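Thanks for coming, everyone. Please have a look at the structure on the screen, and then I will walk you through it.

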Amino acid sequence: MLQIKNSRNNPALVVSSFVKALKLLTTPGIRQFLIIPILINILLYGTAFSLSYFYMNELIEQFIPAWLHWLNWVLWPLFFICFSIVVFFSFTVLANLLAAPFYGKLAAKTQWLITGQVGSEVIQPLRKVMLAEIKRANYLAVRFIPSLILFIIPGVNIVAPFLWALLGAWGMALEYLAYPLENEGILFSEQKQLLKARRLSALSFGGITMFGLTVPVLNIVMAPLAVIAATIYCQALKAE
């Protein structure tokens, strides 16, 4: 079972976990768990990129009031980031749903590679796993959906992208750290409490992941990379 250490609430540990994950990404023992998730990501993110390319400018013109058009050089990038978060977060949820069986095994394999142990992988009853997934989706939905109202309030919509960025980072942390935590027998309610206790690290992890998911080409491998990094990070949280 993971135990919280205040000294581990450090974004530098998150960065270190991603650096180590990059080195493990091409390890022969890891590759077999990457093929199908990467194919899923190519299909879904290719679709998402197409939607962003064709509809971005039209949406921005609708949401930015005429009296703020002189700030387009600032607001356009902000709305681009926001729209990317919405699109890629939605497609990420779908991609993770399809690739979840592989990500759980990827997390277990990563743990074995970095510890030399089979690990404490727990096979949860399907009912508990599905209930945890529903709780996570509901938890994020009741925060993301109401925040959409901010985009239609003149003036206030300037800060909306920043709020979405924070929510997106938190959502990515909950999504990808779930795989190694579930292998430890920790489902959503406990995961949420653990991450709240180290919110700075969680937001750092989610921010890195979210950025990677919005970068073309990189987003193809970002999801499995985040799973590997999450496993490394969770192992660092374990009490020695």
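**Two helices side by side**

Let's start with one pair of helices: H9 passes H10 in a right-handed crossing. Please keep in mind that this is a predicted model. H9 covers residues 199-213, and H10 covers residues 218-237. Their axes are 8 Å apart, and the packing angle is about 160 degrees. Angles over 145 degrees count as roughly antiparallel. H9 and H10 are therefore roughly antiparallel to each other.

Which residues of H9 and H10 meet? From H9 we have Ser 201, Phe 205, Ile 208, Thr 209, Gly 212 and Leu 213. From H10 there are Leu 218, Asn 219, Met 222, Ala 223, Ala 226, Ala 229, Ala 230 and Tyr 233. Sort the residues of this contact between H9 and H10, and you get 10 nonpolar, four polar and no charged.

**H9 again, with another partner**

Now stay on H9 and turn to H6, which spans residues 160-176. The axes of H6 and H9 come within 7 Å. They cross at roughly 95 degrees. How are H6 and H9 placed, roughly parallel or roughly perpendicular to each other? The range for roughly perpendicular runs from 65 to 115 degrees. H6 and H9 are therefore roughly perpendicular to each other.

The contact list on the H6 side includes Ala 165, Leu 166, Trp 170, Met 172 and Tyr 176. On the H9 side, it includes Arg 199, Leu 203, Phe 205, Met 210 and Leu 213. The residues of the H6 and H9 contact divide into 12 nonpolar, four polar and one charged.

**Rings that pair**

Next, the aromatic rings. The count comes to four aromatic pairs. Take Phe 18 and Phe 205. Their ring centres are 5.0 Å apart, and their planes are at 40 degrees, so the pair is tilted. Where do these two sit? Phe 18 is in helix H1, residues 11-24, and Phe 205 is in helix H9. They are 187 residues apart, so this pair links distant parts of the chain. Phe 18 and Phe 205 are both buried.

Another pair is Tyr 139 with Phe 188. This one is edge-to-face. The distance is 5.6 Å centre to centre, with 65 degrees between the planes. Tyr 139 lies in helix H5, residues 126-147. Phe 188 lies in helix H8, residues 188-196. The two are 49 residues apart in sequence, so the pair ties together separate parts of it. Are these residues buried or exposed? Tyr 139 has 9% relative accessibility, so it counts as buried. Phe 188 has 3%, so it counts as buried too.

There is also a cluster: ring pairs link Tyr 103, Tyr 176 and Tyr 179.

**Three residues to find on the screen**

Find Gln 191 in helix H8. Gln 191 is buried, with a relative accessible area of 1%. What does Gln 191 contact, leaving aside its neighbours within four places in sequence? The list is Arg 136, Leu 174, Ala 178, Leu 181, Glu 182 and Ile 186.

Now go to Ala 21, in helix H1. Its relative accessibility is 0%, so Ala 21 counts as buried. Ala 21 and Leu 225 are 204 residues apart in sequence. In space, they are 6.2 Å apart, C-alpha to C-alpha. Not counting residues up to four places away in sequence, Ala 21 touches Leu 225, Ile 228, Ala 229 and Ile 232.

Last of the three is Leu 113, in helix H4, residues 72-115. Leu 113 is partly exposed, with a relative accessible area of 29%. The C-alpha atoms of Leu 113 and Gly 29 are separated by 8.2 Å. Along the chain, Leu 113 and Gly 29 are 84 residues apart. Leu 113 touches Thr 27 and Ile 30, again not counting residues up to four places away in sequence.

**The whole chain**

Let's step back. How many helices and strands does the protein chain have? There are 10 helices and zero strands. The chain has 240 residues, and buried residues make up 46% of them. Now consider contacts between residues at least 6 apart in sequence. Among those, 82% join residues at least 24 apart.

Terms used: Residues numbered from 1 in each chain as written. Predicted model: local features only at pLDDT ≥ 70, side-chain atom pairs only at ≥ 80, totals over all residues. Heavy atoms only, no water. Axes fitted to C-alpha atoms, helices over the stretch in contact; angles between N-to-C directions. Helix = DSSP H or I, 4+ residues; strand = E, 2+ residues; numbered from the N terminus. Parallel < 35°, antiparallel > 145°, perpendicular 65-115°, else oblique. Left-handed = near helix turned anticlockwise from the far one by under 90°. Contact = heavy atoms within 4.5 Å. Nonpolar A, V, L, I, M, F, W, Y, C, P; charged D, E, K, R; others polar. Phe/Tyr/Trp six-rings, centres within 6.5 Å; stacked < 30°, edge-to-face > 60°. Buried < 20%, exposed > 50% of the residue type's maximum accessible area, 1.4 Å probe, protein only.
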